[in-house]
Amino acid sequence: PILGHNTGDAEMKTKAILASLMIWTCSTGAVLAEAAGPRQIVVTGEAHTEVAPDRATITLGVPAEAAEAAIAMRQVSEDMTAVIAGLREAGIAAEDMQTQSISIDPVWSARRTSDGREQREITGFVASNTLAVRVRELDNLGPVLDRVLAAGANNFRGLSFGVADSAAVIDQIR
């Protein structure tokens, strides 16, 4: 041994340094793992099912054209009143009928002036009223359509089918 130098002390210092490095490495790993956030498993899935519809929604309307806006709107109101009366006679409840839109638009016409230019002018108005009707008994769908067409609803916008209890269908899929 070198004078004044003890090899046991150097060995102890080396072991102490190594132990400190191991403790630091372990604690740093834990800190880094926490910083990365909690571990989690993510699962996604998809499912489909087919169910028979138990109700339908009809979107229909009545239009009217007249020289004056007020006359066109009055005609649309009268026609829609007749359609709604027909729906009530067919057993459709008031809560199953909802107005979708009411509109009035000008009818533009073009005419030639004496100097050959084209001049546009309003020559009338078109009014319309659109109604969504829920039919809860699908066996009545044909007769309901016949009745509203006979009452004056000549603007058919579509028919869609659905189910009354969609939550039960979603639970079935889950």
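## Helix α2, end to end

Let's start with helix α2, which covers residues 69–89. It has 21 residues, and at 1.5 Å a residue it should span 30 Å; the C-alpha atoms at its ends are 30 Å apart, so expectation and model agree. Keep in mind that this is a predicted model. Just past α2 comes Gly-91, which has a positive phi, near 95°.

## The two faces of α2

Which residues of α2 are buried? They are Ala-72, Val-76, Met-80, Val-83, Gly-86 and Leu-87. If you look down the axis of α2, these buried residues fall within an arc of 115°, so they line one face of the helix. Here's the general idea behind that: an α-helix has 3.6 residues a turn, so residues three or four places apart point the same way.

Now flip to the face of α2 turned away from the buried side. There you'll find the exposed residues Thr-81, Arg-88 and Glu-89.

So what covers the buried residues of α2? The cover includes three strands, β1 (55–66), β2 (97–112) and β3 (118–135), along with helix α3 (141–151).

## The sheet

Those strands belong to an open sheet of four strands, in the order β2-β3-β1-β4, and the pairing is antiparallel. At the edges stand β2 and β4 (155–162); each has a single partner strand, so one side of each has no neighbour in the sheet. On average, neighbouring strands here are turned by 15° against each other, ignoring direction.

Zoom in on β2 and β3: this antiparallel pair is joined over 15 bridges. To pick out one bridge, Ser-101 has Thr-130, in β3, as its partner.

## Where α3 sits

Helix α3 turned up above as part of the cover over α2's buried residues. It also lies across strands β1, β3 and β4. Its direction is at about 5° to β1.

## The whole chain

Time to step back. The chain has four helices and four strands. Reading from the N terminus, the elements run α-β-α-β-β-α-β-α.

How much of the chain is buried? Of its 174 residues, 19% are buried. The accessible surface comes to about 12,700 Å², and carbon and sulfur atoms own 55% of that.

Finally, think about which parts of the chain touch. Take the contacts with a separation of 6 or more: 74% of them are between residues 24 or more positions apart.

Key
Residues are numbered from 1 along each chain as its sequence is written. This is a predicted model: local features need pLDDT of at least 70, side-chain atom pairs count only at pLDDT 80 or more; totals for chains, interfaces and linings use all residues. Side-chain values use heavy atoms; hydrogens and water are left out. Helices (H or I, at least four residues) and strands (E, at least two) are DSSP runs, numbered from the N terminus. Buried means under 20% relative accessible area, exposed over 50%, partly exposed in between (1.4 Å probe, protein chains only). Contact means heavy atoms within 4.5 Å. Accessible areas come from the Shrake-Rupley method with a 1.4 Å probe; for residues, only the protein chains shown count as cover. The expected span of a helix is 1.5 Å times one less than its number of residues. The arc is that of the directions from the helix axis to the C-beta atoms. Two strands pair if DSSP finds at least two bridges between them. Axes are lines fitted to C-alpha atoms, for helices over the stretch in contact, and angles run from 0 to 180 degrees between N-to-C directions.
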